[in-house]
Amino acid sequence: MSPTKEATSRPSVSLTQFPPLVKTLGEFFASQGVSAYLVGGVVRDALLGRQTWDVDLAVDGETGDLGAGLARLLGGRSILLDEARGIVRVVVSREGWAETIDLTSAPDGIAADLSRRDFTLDAMAVPLSKPWVEMERIEVVDPYGGAEAARSGVIRAISASAFEDDPARLLRGPRLAAQLRFALAEETAELIRSQAHLVTQVAPERVREEMLKLLAEPSASLSLRLLDDLGLLCLVIPELEEARGVAQPPEHHWDVLEHCIETAGQVETLFGSQEASGADGLVHEFLPPFEDAEAYFSEEVSDGHSRMTLLKLAGLLHDVAKPATKTVESSGRMRFLGHHHQGSEMAVETLSRLRLSRRGVELVGRMVEHHLRPRQMAQKGELPSQRAVYRYYRDLGDAAVDTLYLNMADYLAARGPLLGREEWAEHCRIVGHILRGGSAQTPPEGPHRLIDGRDIMQAFSMEPGPRIGTLLEVVREAQASGEITSKEEALELVKSKLSAGGEVA
């Protein structure tokens, strides 16, 4: 794309549209006698009135020395990100958050730097200099019509080679569309489709980040369908391709792939982050209360991403093994026996390939493995027993609450517009019972334990070993379910188990 005519009518911005840190940056580079420009997202967000704490700079100077000096001034630390391209990051920690400043070397000038960027709305710059910080407004360098794209809500690639130059941009375009609520220009969408295969060349860590950032935004199901329409989704997660068009039993509204995509979106319905509809009203009428839900699901658990984002990821992957496990009986009944176990293995393999942290992989893997369990803990019409609830929290640990929400999102995605009032009320009654039982059914520790290993060894002349732990777990389970309440009852239970052979499933 050549510089546009619109660029001659330069947009302008004021200092108040940028983070307060920017004035300090202007003074720093002026004192160093170095030409520097604000570029990319910080300029775009200033024009859009969006708050940002991340600043990108293009500088005509040695970024290593400048980064070190800036880190000393701000009390932060300097990190070399890319030696070949001269990219240095300065991280300044604040109370509860951090600002990042990325410095990129631009020895050929700002025009050349902007020509190498990805999308027009990110190919804008604002000069940082002492005179500017004293002015009310400053013109934006905008050779490709980025300000007009921002006003129009359009994401447009700068050139036909933008994605060949950096295939990670194939994912960044849809992710920006989700983040900004913008649309891809049709010619850009067509270019992505024609070059989608290049995404397989992108480093797994970059793919993971773009995917998780996309899932973190609202309307995840729409964004995932956009990825699929562009030919990217099943290149990033090839395991999902087998789910395309795979039919499900009549109680399911969508095929397997659409169901997986819809489940990620239904997570948002549970938290009221989609536009209200009649279906949402029914959902929230019976949704079990969880007082700390917002804080709990906002917790960062993997690679800087929240439980909410990983819950959506689990929703996308939870039925990934259904195609491999599908059988059709002579009666026509469809079954997917063991798909949760095999699906967990596939999810772990997929997320390990994308370099998700160990905690993230384990959390999603457990959610996928146990996503059916809440409805399998009691006979139809009954509530799970205290013992069943205890075992649920014991087995799932950190993933227990998350899996309850995955189970509800899965149910909503299965029924879709067929969701009935009574069936949803019953489902929520069961989940709510398990959710309320969580704190009460946590394995008793410390002074709350009725007996410990020494009590068992002394009372029954036993040596230390794994069998002691097995017997203690039997006692904890019985205590949690209310079957025993004293030390004497605990020892009597151990005695009965030892008399019967001491082995308990």
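**Entry 1: overall layout**

I started with the secondary structure, and the protein chain comes to 25 helices and 14 strands. I note here that this is a predicted model, so every entry below describes a prediction. For the extent, I took the C-alpha trace along its principal axes and got a span of about 90 × 55 × 40 Å. The chain has 505 residues, and buried ones make up 52% of them. I then looked at contacts with a sequence separation of 6 or more: 70% of these join residues 24 or more positions apart.

**Entry 2: nonpolar cores**

Next I asked myself which residues touch the most other members of the largest nonpolar core. They are L224, L232, L270, Y405 and W424, in a core of 96 residues. Helix 21 is the top contributor to this core, with nine residues.

I picked L270 for a closer look. Leaving out residues up to four places away in sequence, L270 touches V283, H284, L287, Y405, M408, A409, L412 and W424. Two of those names, Y405 and W424, were already on my list of well-connected core members.

There is also a second core, separate from the big one, with 30 residues. I wrote down F28, L74, V92 and V140 as being among them.

**Entry 3: cysteines**

I searched the whole structure for disulfides and found zero. Why is C234 not bonded to C260? The closest cysteine sulfur to that of C234 is the one in C260, and it lies 10 Å away, which is too far for a bond. For scale, the cut-off for a disulfide is 2.5 Å between the sulfur atoms. I checked from the other side too: C260 is in no disulfide, and its nearest cysteine sulfur is that of C234.

Are these two cysteines buried or exposed? C234 has a relative accessible area of 10%, so I log C234 as buried. C260 comes out at 0% and counts as buried as well.

**Entry 4: second largest pocket**

On to the open spaces. The second largest pocket holds about 970 Å³. It is lined by 34 residues, and those closest to its centre are E251, H252, L372, R375 and Q376. I listed the elements that give two or more residues to this lining: strand 14 (334-335), helix 18 (339-353), helix 21 (400-415) and helix 22 (421-440). Helix 21 gives the most, with five residues. Helix 21 was also the top contributor to the largest core, so I marked this helix in my notes as one that turns up twice.

What is the chemical make-up of the lining? I sorted it by class and got eleven nonpolar, eleven polar and twelve charged residues.

**Entry 5: enclosed cavities**

Last, I looked for closed spaces. How many cavities of 30 Å³ or more does the structure hold? The count is two.

The largest cavity has a volume of about 70 Å³. Its lining consists of R208, M211, L212, I237, L313, L351, L354 and L356. Helix 10 (residues 204-216) supplies the largest share, three residues. By class I get seven nonpolar, no polar and one charged.

The second largest cavity comes to about 40 Å³. Around it I found R449, L450, I451, L472, V475, R476 and Q479. That lining divides into four nonpolar, one polar and two charged residues.

Terms used. Residues numbered from 1 in each chain as written. Predicted model: local features only at pLDDT ≥ 70, side-chain atom pairs only at ≥ 80, totals over all residues. Heavy atoms only, no water. Buried < 20%, exposed > 50% of the residue type's maximum accessible area, 1.4 Å probe, protein only. 1 Å grid on protein atoms, 1.4 Å probe; cavity = no way out; pocket = protein on both sides within 12 Å on 5 of 7 lines; lining within 4 Å. Points joined across faces, edges and corners; volume = space filled by probe spheres on them. Helix = DSSP H or I, 4+ residues; strand = E, 2+ residues; numbered from the N terminus. Nonpolar A, V, L, I, M, F, W, Y, C, P; charged D, E, K, R; others polar. Core = buried A, V, L, I, M, F, W, Y, C linked by side-chain atoms within 4.5 Å. Contact = heavy atoms within 4.5 Å.
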